[in-house]
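Subject: Structure handover

Hello,

Here is the structure you were waiting for. Please open it alongside this email.

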Amino acid sequence: MGINVSRQVELSENEYLQRFVGKTHVPAYDDDFWNNFLQYHINLPTNSQEQLSLDSRLEALCQSFISHNLLTGNFGSLVNVFLLKVSELLTLSDAESNVHIWHAFNALFIIRCLVKYMIETGSEYQLLQHFEALPAQTPDNDVPSGTTPDPNTHAIAIDARVVEETRAAVAKLVDGTKFETFLEALVNIIVVIPVKEFTYHLHLEAVNCMIILLSVSLFSQQAMEKSTIYRAIYRCQHANTLMSALLHFLSRMSQSPQTMFGFGTGGSFVFGIAESLWSILTFARKQPDILTAHDLPSAFREHYPLANQSLLLILILTNHHATKDNPYRISLFGCCDSQDSPKDEPATFKIDFSSLYNTLCRIVTIDQATLLLYLLLYRNQRFHKYVMAQSNLQQLVIPILQTLYNAPDSTSHHIYMSLIVLLILSEDDNFNKSVHQTMLKNVTWYTERSISEISLGGLLILVVIRTIQYNMLKMRDKYLHTNCLAALANMSGQFRSLHPYVAQRLVSLFETLAKKHARLDQQLKHPEANGETDVSISMAGALTSEDMLQDLSVLEEVLRMVLEILNSCLSHQLVYCPNLVYTLLYKRSVFEAFRSHSAFQDIIQNIDMVVGFFSSRLQRVQDQRGELGVSEVLEVISKGASQWSSDRLRKFPDLKFKYVEEDAPEEFFIPYVWTLVCKAGCVHFSSETIKGVTTDIVC
């Protein structure tokens, strides 16, 4: 890497840079210029501060480029040089290709910087103009047929008298042809050139450049259906191979080499001894060897950048045009396990599901990984089937529960997607059985209470209840409540061996909601006595009576669902849940106020019947033995449960909820994805000029 941190003056005084952005045309065949121009060292900026520093150093040069390129066509020359380097790479051996890879990377990095600047400050049409721009023709431009141009005399100053003529010619040329050729080269780098240590950063730069091109949607208010860039990318004939390559980059999760282009054998080029003719910028880097749970998003971005950027590019490609013919979406949702031979419809491509699953387990606490997991579980039936067959599902579920447990550290979108993943998993009865058979010991991150041993199902119940209570205090999101309770409802018919604390929390959830209901009901009946308003209500500001009526209605729906969950467990698993019966006996008074309420009366009768049955048995035993201890009460409950018949209870439909994506998913997912790209990506954008997609995006 470069040794010295460059200063802005180094860039402004560099003769090759000045010629490239200046008034003279540099043709693509000037090997002497391009070999010198592309011989520089850089560490890629990996955070917003480094990107801001680089952008500020390059701004004056970019402005000069914009002013002159439509007349010089130097950007087109650079693109041609890059295309030539890439085409040669496909035919060279490893030992021969290092210098080409180095130069191709440097050319692509410059292209990326210029494209990013043009997208952020101009329009897509202006960007395509610069792609297609040719040098203004003057008599001096002509080179006699069969004559080799003199590299010392070919840089021609553009005469002002041909400016208007040239601009008119450029306008006619903007058909996207040059851009499509460039895009094809990017795809070739990603899907054809194998990833090795000395090609890693070239692959990364190709992925970054595609993200930059797609970012045109951030800075334009036109519909993307009219975008030349989007049309070119979404009619790409290699969608399957591109999606396959990106998913493999993620699945393999190769760590970034400690040096760029520094590994070779035999007579290959060794970057470390090359001498930089011009230096852009260097940044200090830490190089930990392993991905740790501490600050996982930053560690993943900094040390596995190709996996991180590939993941973000997958999300961009699949979530745009979600309701239209999207080849990348079809490709991702149609892939299969490389160990299987699909007997139904043919797969779009094959990938090792085991490797992909293990990678997602490692990084599922990262926002963008949760989103990809959701897409695969919900849309790819083969992957869904594979995941549900895993015996080690706790490796996937526990990190998701940690995300929910640490809700204040996550975005509302991340919490929401984590819950939807749990809801999708809970739709499977085998999952609901297995989580109660999987025992966990010493769950250190659950700090509300020390629990030496608990089932995975019990832990899931505790965390989801905690999420409901957090939502009541902080977020007040009806849909989040619904998804939490739907997951619990799906599981309720399989609740088994509930830990005493889990049983307490289930009943306490109803008790908390009941108190909130009573306060809200009282405020509606006696508005003049609202001196002490409910804390969670006052946090949202002063509520009108209509607001409170709506809140009361939502609250009653939630209370009803909690009662249905309790009833479902008692109807199907009472014999296996003595701790729940014990808690209902202990807390029977919390249901008192709802026995005569029309919305709850029918289901409370079932709970009363269970409580009454076991109360009478306990009373008889107490009359014989005297006061009973906890273990004795549980013994009486267990014996009574063996004689209990669920036929006594009123029948209710089984609780089965299925997640269904709402109409127009793009309205939710596209802003979400671009927020992730801005916050979690290796490429950072100017938030001041964002005007497309949504104003909620934070860079």
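Below is what turned up, from the overall build down to single residues.

Please keep in mind that this is a predicted model.

Overall build

The protein has 30 helices and eight strands. Of its 699 residues, 56% are buried. About 30700 Å² is exposed, and carbon and sulfur atoms supply 50% of that area. Long-range contacts are well represented: take the contacts between residues at least 6 apart in sequence, and 77% of them join residues at least 24 apart.

The core

In soluble globular proteins, nonpolar side chains tend to be buried together. Here, the largest nonpolar core has 228 residues. Phe82 and Tyr374 have the most contacts inside this core. Helix H6, residues 94–121, gives the most to the core, with 14 residues.

Tyr374 deserves a click. Set aside its neighbours within four places in sequence. Tyr374 is then in contact with Met417, Ile420, Val421 and Ile424, among others. Further along the chain, its partners include Tyr659, Glu661 and Phe669.

Cavities

Rolling a probe the size of a water molecule over the atoms shows where empty space is left. Two cavities of 30 Å³ or more came up in this structure. The second largest has a volume of about 40 Å³. Which residues line the second largest cavity? They are Val443, Tyr446, Arg449, Ile451, Ile454 and Leu459. Five of these lining residues are nonpolar, none is polar and one is charged. Arg449 is the charged one, because Arg counts as charged.

Two residues with positive phi

Most residues other than glycine have a negative phi. Two residues are worth a look on that score.

Asn442 has a phi near 50°, which is positive although the residue is not glycine. Asn442 sits in the loop between strand S7 (439–441) and strand S8 (453–455). Is Asn442 buried or exposed? Asn442 is exposed, because its relative accessible area is 56% and the cut-off for exposed is over 50%.

Ser497 also has a positive phi, near 50°, and is likewise not a glycine. Its place is the loop between helix H23 (478–492) and helix H24 (500–525). With a relative accessibility of 56%, Ser497 counts as exposed too.

If you have time for a few stops in the viewer, try Tyr374 in the core, the lining of the second largest cavity, and the loops that hold Asn442 and Ser497.

Best wishes

Conventions: Residues numbered from 1 in each chain as written. Predicted model: local features only at pLDDT ≥ 70, side-chain atom pairs only at ≥ 80, totals over all residues. Heavy atoms only, no water. 1 Å grid on protein atoms, 1.4 Å probe; cavity = no way out; pocket = protein on both sides within 12 Å on 5 of 7 lines; lining within 4 Å. Points joined across faces, edges and corners; volume = space filled by probe spheres on them. Helix = DSSP H or I, 4+ residues; strand = E, 2+ residues; numbered from the N terminus. Buried < 20%, exposed > 50% of the residue type's maximum accessible area, 1.4 Å probe, protein only. Contact = heavy atoms within 4.5 Å. Areas by Shrake-Rupley, 256 points an atom, 1.4 Å probe, with all protein chains shown as cover. Core = buried A, V, L, I, M, F, W, Y, C linked by side-chain atoms within 4.5 Å.
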